[in-house]
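User: Let's walk through a protein model together, one question at a time. Here is what we'll be looking at.

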Amino acid sequence: MAERTQQAYPSAPANHGYQRSDAESLENADELKRKKKIKMAIYIGIFVVFQIIVITTMSLTVMKVKTPRFRLGNINVQSFESVPATPSFDTKFTTQIKIKNSANWGSYKFNAANVTFQYQGETVAVINIAKGKAGWLSTIKRNAEVSLNSSGITGSNLGSELSSGVLTLNSVGRLNGKVAIMFIMKKKKATNMNCTIAFDVAAKTLKSLQCK
């Protein structure tokens, strides 16, 4: 009897692939959430630091209020007459009243005021300044005509000063107002004018103008 031949077939390989358990999936999800929270905390920290820098910068620049400047501008002499022997003088000139608010990030609204011209403390002329407003980072200039003479001066050394060739006058004034920053903050600011004007008597011209 012929021997029966049996052919062996290989069995299917066992499945050794890794299957993720539910516990590991939850652990990975928690790790992902933790990383997201860390990123969010970093973003919030960066935002807070940025805001601090912005606020500090604004406090040191934009929100800092400086005193506006109140000065005389160019003086153009129209006439100048003087008599040392009397003594007396009479002069007319044009000038500019300058309110400089170029250092503030807010407008400067000021009240009406005046500028007084003096010779050794005695008043020789007064001009009025109407109320107004200087815009932020700007300067306003108002033209003015000034006529002054020595009729109100008594007991001075005017004669010797005219004989020396130089007549020195002063202009003084004070502006009161408020600087408004970004429509949320208003701060009172007063500014003073103190200018020294020197005229060349012989040339009948302006010699110098200095303002403090």
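User: How does Glu-81 count: buried, partly exposed or exposed?
Analyst: Go by its relative accessible area, where under 20% is buried, over 50% is exposed and anything in between is partly exposed (1.4 Å probe, protein chains only). Glu-81 comes out at 48%, so Glu-81 counts as partly exposed.

User: What sort of model is this, and how are its residues numbered?
Analyst: It's predicted, so local features need pLDDT of at least 70 and side-chain atom pairs pLDDT 80 or more, while totals for chains, interfaces and linings use all residues. Side-chain values use heavy atoms, without hydrogens and water, and residues are numbered along each chain as its sequence is written, from 1.

User: Which residue forms a salt bridge with Glu-81?
Analyst: Side chains of opposite charge can pair when their charged atoms come close. The cut-off is a side-chain nitrogen of Lys or Arg within 4 Å of a carboxyl oxygen of Asp or Glu. Here the closest N and O atoms are 3.6 Å apart, and a search of the whole structure finds one such bridge. The partner of Glu-81 is Lys-204.

User: How many residues apart are those two along the chain?
Analyst: Glu-81 sits in strand 2 (residues 76-83), while Lys-204 is in the loop between strand 10 (185-200) and strand 11 (205-211). Strands here are DSSP runs of E with at least two residues, and helices are runs of H or I with at least four, numbered from the N terminus. The bridge therefore ties together distant parts of the chain, with a separation of 123 residues.

User: And how accessible is Lys-204?
Analyst: Like Glu-81, which is partly exposed, Lys-204 falls in the in-between class. Lys-204 counts as partly exposed because its relative accessibility is 39%.

User: How many helices and strands does the chain have?
Analyst: Read the order from the N terminus: α-β-β-β-β-β-β-β-β-α-β-β-β. Add up the symbols by type and you get two helices and eleven strands.

User: Where is Tyr-43, and is it buried or exposed?
Analyst: Tyr-43 belongs to helix 1, which covers residues 22-60. Its relative accessible area is 55%, so Tyr-43 is exposed.

User: How far is Ser-163 from Ala-85 in space?
Analyst: Ser-163 is part of helix 2 (residues 158-164) and is exposed, because its relative accessible area is 56%. In sequence, Ser-163 and Ala-85 are 78 residues apart. In space, C-alpha to C-alpha, they are separated by 8.6 Å.

User: What share of the chain do buried residues make up?
Analyst: The residues discussed above include Tyr-43, which is exposed, and Glu-81, which is partly exposed. Across the 212 residues of the chain, the buried share is 29%.
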